[in-house]
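I opened this entry to look up how the strands of one chain are put together and what surrounds a few of its residues. The structure itself comes before my notes.

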Amino acid sequence: MPVDDISLLLISTTQAVITTALISELSKKNVKIVFTDEAREPISEIYGYYPANRTAQLLREQVNWDLQLQQILWTKLVANKIRKLQ
């Protein structure tokens, strides 16, 4: 299975062996690795420091939105947050 097809790797056994080379490759591809305890409850996760290129591109596009669009979206965001508090 290609790494590009994986979005999450769940390690739910203490018998698993995962190399740092694999962890590095998964992190480069923005794959989250989650470790669980004996009760299969999440206890730790590994996730890359830097966003994927797609995320970085989206951020660049959002920074360049015109002021009117930013104001409209900000108003909607705040309105939704207020509705959730009520």
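The notes below go from the sheet to single residues.

**Entry 1, the model.** I note at the outset that this is a predicted model. I read local features with that in mind.

**Entry 2, the sheet.** I looked up the strand order and found an open sheet of three strands, E1-E2-E3, with mixed pairing. E1 and E3 are its edge strands, since each pairs on one side only. Ignoring direction, neighbouring strands in this sheet are turned against each other by 20° on average.

**Entry 3, E1 against E2.** In which sense do E1 and E2 pair? I found E1, residues 8–11, parallel to E2, residues 32–36, with four bridges between the two strands. For a residue-level check I took Leu 9, whose bridge partner in E2 is Ile 33. I then followed the chain from E1 to E2: the path runs through helix H1, residues 20–28, and the β-α-β crossover is right-handed.

**Entry 4, E2 against E3.** Here the pairing is antiparallel, again written down as four bridges. Ile 33 has Ile 46 as its bridge partner in E3. I had already listed Ile 33 as the partner of Leu 9, and I put the two pairs side by side in my notes. Further along, Thr 36 stands opposite Pro 42 in E3.

**Entry 5, Thr 36.** Is Thr 36 buried or exposed? Thr 36 belongs to strand E2. Its relative accessibility is 12%, and the limit for buried is under 20%, so Thr 36 counts as buried. I listed its contacts, leaving out residues up to four places away in sequence. Leu 10, Ile 11 and Ser 12 are on the list, and so are Glu 41, Pro 42 and Ile 43.

**Entry 6, the hairpin loop.** The hairpin of E2 and E3 has five residues between the strands. I looked at two residues of this loop. Arg 40 lies in the loop between E2 and E3, and its phi is near 65°, a positive value in a residue other than glycine. Arg 40 is exposed because its relative accessible area is 57%, where exposed means over 50%. Glu 38 is found in the loop between E2 and E3 as well. With a relative accessible area of 75%, Glu 38 is also exposed. I looked up one distance from here: the C-alpha atoms of Glu 38 and Ser 12 are 7.8 Å apart, with a separation of 26 residues along the chain.

**Entry 7, Asn 30.** I looked up phi for Asn 30 too and found a value near 65°, positive in a residue other than glycine. Asn 30 sits in the loop between H1 and E2.

**Entry 8, Tyr 47.** Where is Tyr 47 found? Tyr 47 is in the loop between strand E3, 42–46, and helix H2, 53–63. Leaving aside neighbours within four places in sequence, I find Tyr 47 in contact with Asn 30, Val 31 and Lys 32. The Asn 30 in that list is the residue with the positive phi from Entry 7. Lys 32 lies over the face of the Tyr 47 ring, at 5.5 Å from the ring centre. The relative accessibility of Tyr 47 is 43%, so Tyr 47 counts as partly exposed. I also took a distance to H2: the C-alpha atoms of Tyr 47 and Val 63 are separated by 24 Å, at 16 residues apart along the chain.

**Entry 9, aromatic pairs.** How many aromatic pairs does a search of the whole structure find? I noted the result as zero.

Terms used:
Residues numbered from 1 in each chain as written. Predicted model: local features only at pLDDT ≥ 70, side-chain atom pairs only at ≥ 80, totals over all residues. Heavy atoms only, no water. Pairing = 2+ DSSP bridges. Right-handed = clockwise from strand over helix to strand, strands pointing away. Phe/Tyr/Trp six-rings, centres within 6.5 Å; stacked < 30°, edge-to-face > 60°. Lys NZ or Arg CZ within 6 Å of the ring centre and 35° of its normal. Buried < 20%, exposed > 50% of the residue type's maximum accessible area, 1.4 Å probe, protein only. Contact = heavy atoms within 4.5 Å. Axes fitted to C-alpha atoms, helices over the stretch in contact; angles between N-to-C directions.
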